[in-house]
Amino acid sequence: MTEGNQTVFSWFLLLGLPIPPEHQHLFYALFLAMYLTTVLGNFIIIILIHLDSHLHTPMYSLLSNLSFSDLCFSSVTMPKLLQNMQSQVPSIPYAGCLAQMYFFLLFGDLESFLLVAMAYDRYVAICFPLHYTSIMSPKLCVSLVVLSWVLTTFHAMLHTLLMARLSFCEDNVIPHFFCDMSALLKLSCSDTHVNELVIFITGGIILVIPFVLIIVSYARIVASILKAPSARGIRKAFSTCGSHLSVVSLFYGTVIGLYLCPSANNSTVKETVMGMMYTVVTPMLNPFIYSLRNRDMKGALVRVFCKKKMMV
């Protein structure tokens, strides 16, 4: 499409991952297996929490929402990546690119807020066990989830509308496997200062503040357990907090590094690999870290299967 002396593109080419052609099928099978693991793991968690009344608690309600967010977050990018790996022309229309960016921001931000809510839930449960029921009431739990959805919807819409006002007239090749916001800004021939300023300001609210709150919550948990030390309690605390914090650090570290502290030395390959870490690896690990190793979840799995067998 031509406007004056400028060519405005109505579609983009996604370069995808820098994989040699001879290894394309191997990596396709790997990513497909990772995506199916993500979908299956998170879907099992959602179904178990819905079916087992023992899991109808604030903690597992938040887990169910996190699993839904992870499932959707991974589904925003992975199906398109798998399709493009089998395509001769890995393209995406302009409208599809904006839609992908919107849902990517929506579910990515939602995960950020839900991780904060889950950290607060664990903090109350461990530091104030006698007041847990009164503090983490169903009303508060629902309010936290609704607030997360409202804030993330607004944030995703804001960036999508700001991106929609830009023109792309010099290049339509995105050196990424999805419509990454920073990659699109580099391609734009319009003034992107407003977009960059909004990313920096809202990024502090959406990413840095939640990350700090999670770290503070787990630090309080560790400090509380160390006040009444027991070998078993300390081991369990560090095992739980360590595994949770490893996933949190993986998610926030790569996102903050990419969007809030971008380096001129960052290569396209490095940015793509970092993108894979928080869009593919983290949603796949979360079910194992937060739920599937959990004794309550294993008990729910046994109860659900036993109930099905008795019905048969």
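**Group meeting talk: a strand sheet, a core and an aromatic cluster**

Good morning. Strand β3 and strand β5, the latter covering residues 173-174, run parallel and are joined by two bridges. I should say at once that what we are looking at is a predicted model.

Let me stay with β3, which spans residues 11-14. On its other pairing, with strand β4 at residues 91-93, there are three bridges, and here the strands run antiparallel. Taken together, the three strands make an open sheet, ordered β4-β3-β5, with mixed pairing. β4 and β5 stand at the edges with a single partner strand each, so each of them has one side without a neighbour in the sheet. As general background, the strands of a sheet pair through backbone hydrogen bonds, and they do so either parallel or antiparallel.

Which residues are the bridge partners? Phe12 is matched with Ile92 in β4. Towards β5, Leu13 has Val173 as its bridge partner, and Leu14 has Ile174.

The two faces of β3 also deserve a word. In a regular strand, side chains alternate between the two faces of the sheet. In β3, Phe12 and Leu14 make up the covered face, while Trp11 and Leu13 make up the uncovered one.

I now turn to the chain as a whole. Its secondary structure consists of 10 helices and five strands. The chain has 312 residues, of which 47% are buried. Among contacts with a separation of 6 or more, 80% are between residues 24 or more positions apart. The accessible surface comes to about 15,900 Å², and carbon and sulfur atoms account for 69% of that area.

The unreviewed UniProt entry annotates "transmembrane region" at residues 26-50, 102-120, 140-158, 197-216, 237-260 and 272-292. How do two of these spans appear in the model? Residues 102-120 are 100% helix and 0% strand, with their end C-alpha atoms 27 Å apart. For residues 197-216, the end C-alpha atoms again lie 27 Å apart, and the span is 100% helix and 0% strand.

Next, the interior. The largest nonpolar core contains 83 residues, and those with the most contacts inside it are Phe31, Met163, Ile174, Leu184 and Tyr252. Helix α3, residues 94-127, gives the most to this core, contributing 19 residues. Ile174 brings us back to the sheet, as the bridge partner of Leu14 in β5. As for Phe31, once neighbours within four places in sequence are set aside, its contacts are Leu17, Ile19, Met78, Leu81, Leu82, Met85 and Met276.

A polar residue in the interior also merits attention. Is Asp70 buried or exposed? Its relative accessibility is 0%, and because the cut-off for buried is under 20%, Asp70 counts as buried. Asp70 sits in helix α2, which runs over residues 58-85. Apart from residues up to four places away in sequence, Asp70 touches Thr38, Asn42, Glu111, Pro283 and Asn286.

My last topic is the aromatic residues. There are 17 aromatic pairs in the count. One of them joins Phe68 and Trp149: the ring centres are 6.4 Å apart and the planes stand at 40 degrees, so this pair is tilted. Phe68 belongs to helix α2 and Trp149 to helix α5, residues 138-164, so the pair ties together parts that are 81 residues apart in sequence. Phe68 counts as partly exposed, at 36% relative accessibility, and Trp149, at 28%, counts as partly exposed too. Tyr102 and Phe103 form an edge-to-face pair, with 5.1 Å from centre to centre and 80 degrees between the planes. Here Tyr102 is buried, at 15% relative accessible area, whereas Phe103 is partly exposed, at 37%. These four residues, along with Phe107, form one aromatic cluster.

Helix α5 also holds Phe154. With a relative accessible area of 58%, Phe154 is exposed. Its C-alpha atom is separated by 8.6 Å from that of Leu106, and these two residues are 48 residues apart along the chain.

To close, I would ask you to keep three features in view: the open sheet in the order β4-β3-β5, the largest nonpolar core with its 83 residues, and the aromatic cluster that includes Phe68 and Trp149. Thank you.

Definitions and conventions: Residues are numbered from 1 along each chain as its sequence is written. This is a predicted model: local features need pLDDT of at least 70, side-chain atom pairs count only at pLDDT 80 or more; totals for chains, interfaces and linings use all residues. Side-chain values use heavy atoms; hydrogens and water are left out. Helices (H or I, at least four residues) and strands (E, at least two) are DSSP runs, numbered from the N terminus. Buried means under 20% relative accessible area, exposed over 50%, partly exposed in between (1.4 Å probe, protein chains only). Contact means heavy atoms within 4.5 Å. A nonpolar core is a set of buried Ala, Val, Leu, Ile, Met, Phe, Trp, Tyr and Cys residues joined through side-chain atoms within 4.5 Å. UniProt positions are given in the numbering used here, feature names are shortened, and annotations may be inferred rather than shown by experiment. Two strands pair if DSSP finds at least two bridges between them. Accessible areas come from the Shrake-Rupley method with a 1.4 Å probe; for residues, only the protein chains shown count as cover. Rings of Phe, Tyr and Trp (its six-membered ring) pair if their centres lie within 6.5 Å; planes under 30 degrees apart count as stacked, over 60 as edge-to-face and the rest as tilted.
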